[in-house]
Amino acid sequence: MTPQIRPVGDDAVLITFDAPGSAVALHRSLRRRPLPGVGHTVPGARTLLIPFAPGRTDAATLARALRTLTADPPPDPEEAHRHELAVVYDGEDLATAAELLGWSVEQLVRRHTTATWRVAFMGFAPGFGYLAGDDPALSLPRRDTPRTRVPPGAVAMAGDYSGVYPRESPGGWQLLGRTDAVVWDTARRAPALWRPGDTVRFAPAREVATVRVPRPSTPPGAPADPVLEVLAPGLQTLVQDLGRPGSVDLGVSGSGAADPRSFRAAQRAVGNRTDAAALETLGGLRLRALRPAVVATAGAAADLEVTGGTGLSRAPLPGRPFVLAPGEELSVGAPRRGLRTYVAVRGGLDVAPVLGSRATDLLAGLGPDPLAAGDVLGTAGDAVEAVATADTGAPDPERLPAPGDVVTLPVVLGPRDDWFTPDALDLLASQEWEVTARSDRVGLRLTAEQPLTRTATAQGAELPSEGAVTGALQVPPDGLPVLLGPDHPLTGGYPVVATVAASHRWLLGQIPPGARIRCRPVRT
């Protein structure tokens, strides 16, 4: 049977296969022999997500090229590693899971520990392996509403797969127990405990240690070329760059600036490379210059004030470079419109990269910690141009959305719009969706009077985990979509009804809680 190709927004496709393992095989082939214009592919249980550059290729050209590819053979079983994990079976969903299967708790534990599990593919989060078992009766539905917090070391099941959560994160899998195995540690030569093809056995235990998640980096500390001191960190002030693509084989997503358009504008204003590191803040940030520094901001409409030095205060213009003299302080107020302000300093921030990027990924726990009072920031020598004297392309802060505003987003239906009724698809476009206060960089959680309903055949069905992109509208069984942000899981098992067009994804980082979203379906 010819694989199905479905659109994912206007710059990616999802290929669905019949045979397990075909997606991983094609993924390996594309890593070894990349096609022009194709980005880093993401394998799922039976799918392969293929992002592409619309200016260099398109879905039809990709389909023709893929038919000529020969998939790589599977890994040599002799090279696979075997792992045994001690598990305390006391998970919050253990009794419910046993009831769903029609078994006792003891039967579920026995079946789970006598099964042999194989790492089928990596995804969701760094080090998270999707473990396929050899007991066909072990299959559980995901939770109707995902938890906002699952502790590290949690052993869980969804569909035919088991998994171990590497760190605290949201999750919709059924929690069976906990282990003290550290499945992800960037201090190791191989950060992930396992790789596709490895086998895993679970062993019952009475007690295990509490998992201590290794931090991949330390706070900025004392740089060799100090330029700014943090007096007040404000709300969720993070170091960001344009992300860390290329690590999907480890389960690592791209992350990066939530509003890359404003981020690039701030960097251009001070003459930096656009992928230099800068600060992303929700407001309340105060910085003191330790030496002369050229700074620029872009993004949310927030009051900027420079004080100290001469004793006179001034208000710099967003999107324009300005000089902070030694001792002067920059304050970034709470946003009136938009959500995130970017602060770039000429030379870029000197922060140790993790997996090739300085970005902070909150879901994955990669990159520097959020800023704290007393942190000192240095520069990295990333200036390549003169400071800007013309328009840098920054969005007009006063035109960004405020709470109560309606934001219209063009969306491309699919790849799983066929899981929803025609009435639900009409509702997606006709109803306004409010952004709730539970939103963050992982995703905007939406609510409305009427949730989206699945078709009769999709009711209670389980979607095998597949790759997702920033801007995807992922819909849990409760029918209330989550609009995925830059720190979203690499893969997920809730169907994506539509994806925001690439031209408007930058705006997702500037939609505050209380704003409302209207989806406008468009054709690719």
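Me: What makes R67 count as exposed?
Reply: R67 has 60% relative accessibility. Exposed means over 50%. The value passes that cut-off, so R67 counts as exposed. The model is a predicted one.

Me: Where does R67 lie, and how far is it from P3?
Reply: R67 lies in helix α2, residues 59-67. R67 and P3 are 64 residues apart along the chain, and their C-alpha atoms are separated by 9.6 Å.

Me: Why is R268 called partly exposed?
Reply: The relative accessible area of R268 is 35%. Buried means under 20% and exposed means over 50%. The 35% falls in between, so R268 is partly exposed.

Me: Which residues does R268 touch?
Reply: T274, A388, T392 and G393, leaving out residues up to four places away in sequence. Contact means heavy atoms within 4.5 Å. R268 itself lies in helix α5. Q450 is another matter: R268 and Q450 are 182 residues apart in sequence and 44 Å apart in space, C-alpha to C-alpha.

Me: How do you know whether F124 is buried or exposed?
Reply: Its relative accessible area is 11%. The cut-off for buried is under 20%, so F124 is buried.

Me: What is the backbone of F124 like?
Reply: F124 has a positive phi of about 65°, although it is not a glycine. F124 lies in the loop between β6 and β7.

Me: What about Q236: what is its phi, and why is it called partly exposed?
Reply: Q236, also not a glycine, has a positive phi of about 45°. It is found in the loop between β14 and β15. Its relative accessible area is 30%. That value lies between the 20% and 50% limits, so Q236 is partly exposed.

Me: What makes the peptide bond from G414 to P415 cis, in terms of omega?
Reply: Omega is near 10°, and the bond is cis. P415 lies in the loop between β22 (406-413) and α6 (422-430).

Me: Why do the buried residues of α3 line one face of the helix?
Reply: L94, A97, A98 and L101 are buried in α3, residues 94-101. Seen down the axis, they fall within an arc of 100°, so they line one face. On the other side, A95 and E99 are exposed. Just after α3, G102 takes a positive phi of about 75°.

Me: What covers the buried residues of α3?
Reply: The cover includes α4 (105-114) and β12 (174-178). From α4, L108 touches L94, A97, A98 and L101, and also W103, L138 and L176, not counting residues up to four places away in sequence.

Me: How do you know that the buried residues of α4 share a side?
Reply: In α4, L108, V109, H112 and T113 are buried. They cover an arc of only 120° around the axis, which puts them on the same side of α4. What covers them includes α3, β6, β9, β10, β12 and β13.

Me: What makes a set of residues a nonpolar core, and how many residues has the largest one?
Reply: The members are buried nonpolar residues joined through side-chain atoms within 4.5 Å. The largest core has 32 residues. L108, W117, L138, L176, W194, V200 and F202 have the most contacts inside it. β5, α3, α4, β6, β9 and β13 each supply at least two residues of this core. α3 gives the most, with four residues.

Me: Which residues does the second, separate core include?
Reply: V407, L427, L463 and L483 are among its 29 residues.

Me: What is the volume of the largest pocket, and which residues lie nearest its centre?
Reply: The volume is about 1,000 Å³. The pocket is lined by 36 residues, and G254, S255, V469, T470 and R505 lie nearest its centre. A lining residue has an atom within 4 Å of a pocket point. β4 (47-51) and α5 (260-270) each supply at least two residues of the lining.

Me: How do the lining residues divide by type?
Reply: There are 19 nonpolar, 13 polar and four charged residues. Gly counts as polar and Arg as charged. By that rule G254 is polar and R505 is charged, and both lie among the residues nearest the pocket centre.

Conventions
Residues numbered from 1 in each chain as written. Predicted model: local features only at pLDDT ≥ 70, side-chain atom pairs only at ≥ 80, totals over all residues. Heavy atoms only, no water. Buried < 20%, exposed > 50% of the residue type's maximum accessible area, 1.4 Å probe, protein only. Arc of directions from axis to C-beta. 1 Å grid on protein atoms, 1.4 Å probe; cavity = no way out; pocket = protein on both sides within 12 Å on 5 of 7 lines; lining within 4 Å. Points joined across faces, edges and corners; volume = space filled by probe spheres on them.
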